[in-house]
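The following exercises concern the reading of a protein fold. Each task is followed by a worked solution that proceeds step by step.

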Amino acid sequence: MTMQTLLTELMMIPGLSGHEGRVRRYLKGKLDPLGLPTTTDRLGNLIATLEGDKAAPSVMLFAHMDQLGFITRKIEANGLVRIERLGGVPERALPAHEVLFSIGEGRDVPGLIAHKSHHATGQDEKYKVLPYTELYVDAGFQSAADVKAAGIDVGTPVVYRPNVSVLANGRIAGTSVDDRAGIAVMLETIASMLDEPHRPTIHFVFSVQEEFNLRGAVTAAQVLMPDIAIQLDLVLATDTPDMTARGDVRMGGGPAMSLYSFHGRGTLNGTLPHPAMVKLMEDSAADAGLPLQRSAHIGALTDNSYVQLVGQGVAAIDMGFPMRYSHSALELVDIADLEMLHRLLTEALPRIGPQFILDRDAFEQ
Ligand SMILES: [Zn+2]
């Protein structure tokens, strides 16, 4: 299966935070034929461990299965539905978008986030962003009883209606590229590591509830107690006019590593990568002839912020693929970047052997 096919399949599966079951079952279906045993913890993290050299530091490689979205908040008597947001939902990019009530395979219900008729939009409303609390979903129902009969109730998960568009130059746009693209790279990396004779023990964790303020991966880390943690997720591409001041990450320019992340808007956390991991990625990219981009900015963070604090501390790094238009229903990624990220990991992981040093004094000037 090509990376594009794999990513497309993953993007079409609804998996709101706390409701990742359908993604997890898909992944189990991929891992079982490889003979790789998996476990699922009580939060829903799917964990597969590939045993390796016991003298080498152990690795937790992880990506999150969940996506942001909404929860049904109220069903109006006239059959319209109010929704509550779950995760960093961009309110100005919601009206006129399609959504899906994620009820169960074959039972999902499509709907749309209503956009006030243009002919009735006053001059003062034209450039105003409506708070999500004023929006409603129209799924065609005419009464609350109809809504409930379709299986929708308070608490029912809602996601952007899954969609994938193939654009020019191997670029893909659609829903939940964050972080199904990371999941696709993980699956390819597992396949590459199965036959690799020189490898550390690697715990592959498909985590839950990342978009619900970074919940799942830390629970997995508390049990696995890895020495090293590598998270796969998006890195903000900055090669559009609205983003140029933030950095130099180009779409198609290859994988990227984060040298600094911090989120100062409610979640006071971030990640400063372990210097051994930065050097590992730099050396691996150079030797494999792969480009490696660098990212450093505030405003975003990953599960690694919490994973790095487990036990005596975990040597952490965030590795990613450049992505545009984050958290909208049309996120954009370049397949070539995913393939290069996979190649970089395939080069880097076997280098984590018994001699791999995590002593900071060996690195810090
Ligand atoms: Zn993400």
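**Exercise 1. Pairing around strand E17**

Which residue stands opposite Gly 320 in E17? Establish this in the predicted model, then describe the strands that pair with E17 and the degree to which E17 is covered.

*Solution.*

Step 1. The residue opposite Gly 320 of E17 is Ala 256. The wider pairing is that of strand E14 (residues 256-263) with E17, which is antiparallel and comprises two bridges.

Step 2. Turn to E13. This strand runs parallel to E17, and nine bridges join them. Within E17, Asp 318 lies opposite Gln 231.

Step 3. Consider E18. E17 and E18 pair in the antiparallel sense, again over two bridges, and Arg 324 has Leu 332 in E18 as its bridge partner. The two strands form a hairpin with six residues between them. In its turn, Tyr 325 has a positive phi of about 65°.

Step 4. Assess burial. E17 is mostly covered, with 10 of its 10 residues buried.

**Exercise 2. The surroundings of Arg 171**

Is Arg 171 buried or exposed, or does it fall in between? Explain the classification, and identify the contacts of Arg 171 that are remote in sequence.

*Solution.*

Step 1. Locate the residue: Arg 171 belongs to strand E11 (residues 171-174).

Step 2. Count its neighbours. Arg 171 has 17 other C-beta atoms within 10 Å and is therefore partly exposed. A buried residue requires 20 or more, and an exposed one has 12 or fewer.

Step 3. Set aside neighbours within four places in sequence. The contacts of Arg 171 are then Leu 332, Val 333 and Asp 334.

Step 4. Examine one of these. Leu 332 is 161 residues from Arg 171 in sequence, yet their C-alpha atoms are 6.9 Å apart. Leu 332 is also the bridge partner of Arg 324.

**Exercise 3. Two covered helices**

Which elements pack against the buried residues of H5, and what covers those of H8? Test also whether the length of H8 agrees with expectation.

*Solution.*

Step 1. Begin with helix H5 (residues 216-224), in which seven of nine residues are buried. These are Gly 216, Ala 217, Val 218, Thr 219, Ala 220, Ala 221 and Leu 224.

Step 2. List the packing partners of these buried residues: strands E2 (46-50), E3 (59-64), E12 (202-207) and E13 (228-236), together with helix H7 (304-307). After H5 comes Met 225, with a positive phi near 45°.

Step 3. For helix H8 (residues 335-348), calculate the span. At 1.5 Å a residue, its 14 residues should span 20 Å; the end C-alpha atoms are 20 Å apart, so the expectation is met.

Step 4. Determine the cover of H8. Here 12 of 14 residues are buried, including Ile 335, Leu 338, Leu 341 and Leu 345, as well as the charged residues Asp 337, Glu 339, Arg 343 and Glu 347. The covering elements include helices H1 (3-11), H4 (177-194) and H6 (275-288), and strands E11, E17 (315-324) and E18 (331-334).

**Exercise 4. Domain 2 and its boundary**

How many residues of domain 1 are in contact with domain 2? Characterise that contact, and then the pairing of strand E4.

*Solution.*

Step 1. Take the domain assignment: domain 1 comprises 3-67 + 175-362, and domain 2 comprises 69-160. Their centres, taken over C-alpha atoms, are separated by 32 Å.

Step 2. Count the contacting residues: 12 of domain 1 and 15 of domain 2. The domain 1 side consists of four nonpolar, six polar and two charged residues.

Step 3. Follow strand E4 (residues 69-75). With strand E5 (residues 81-86), E4 pairs in the antiparallel sense over six bridges, and Gly 69 is bridged to Leu 86. The hairpin has five residues between the strands, and Gly 79 takes a positive phi near 95°.

Step 4. Add strand E9 (residues 157-160), which pairs with E4 in the antiparallel sense over two bridges. Val 158 in E9 is the bridge partner of Phe 70.

**Exercise 5. The chain as a whole**

What radius of gyration does the protein chain have, and what would a compact globule of 365 residues have?

*Solution.*

Step 1. Compare the values: a compact globule of 365 residues would have a radius near 21 Å, and the chain has 21 Å, so the two agree.

Step 2. Record the extent and content. The C-alpha atoms fill a box of roughly 70 × 45 × 40 Å along the principal axes, and the chain holds eight helices and 18 strands.

Step 3. Consider burial and contacts. Of the 365 residues, 45% count as buried. Among contacts with a separation of 6 or more, 76% join residues 24 or more positions apart.

How values were computed: Residues are numbered from 1 along each chain as its sequence is written. This is a predicted model: local features need pLDDT of at least 70, side-chain atom pairs count only at pLDDT 80 or more; totals for chains, interfaces and linings use all residues. Helices (H or I, at least four residues) and strands (E, at least two) are DSSP runs, numbered from the N terminus. Two residues are in contact if their C-beta atoms, placed from the backbone, lie within 7 Å. Two strands pair if DSSP finds at least two bridges between them. Domain bounds come from an automatic or database domain assignment. The expected span of a helix is 1.5 Å times one less than its number of residues. The radius of gyration is taken over C-alpha atoms; the globule rule is 2.2 Å times the number of residues to the power 0.38.
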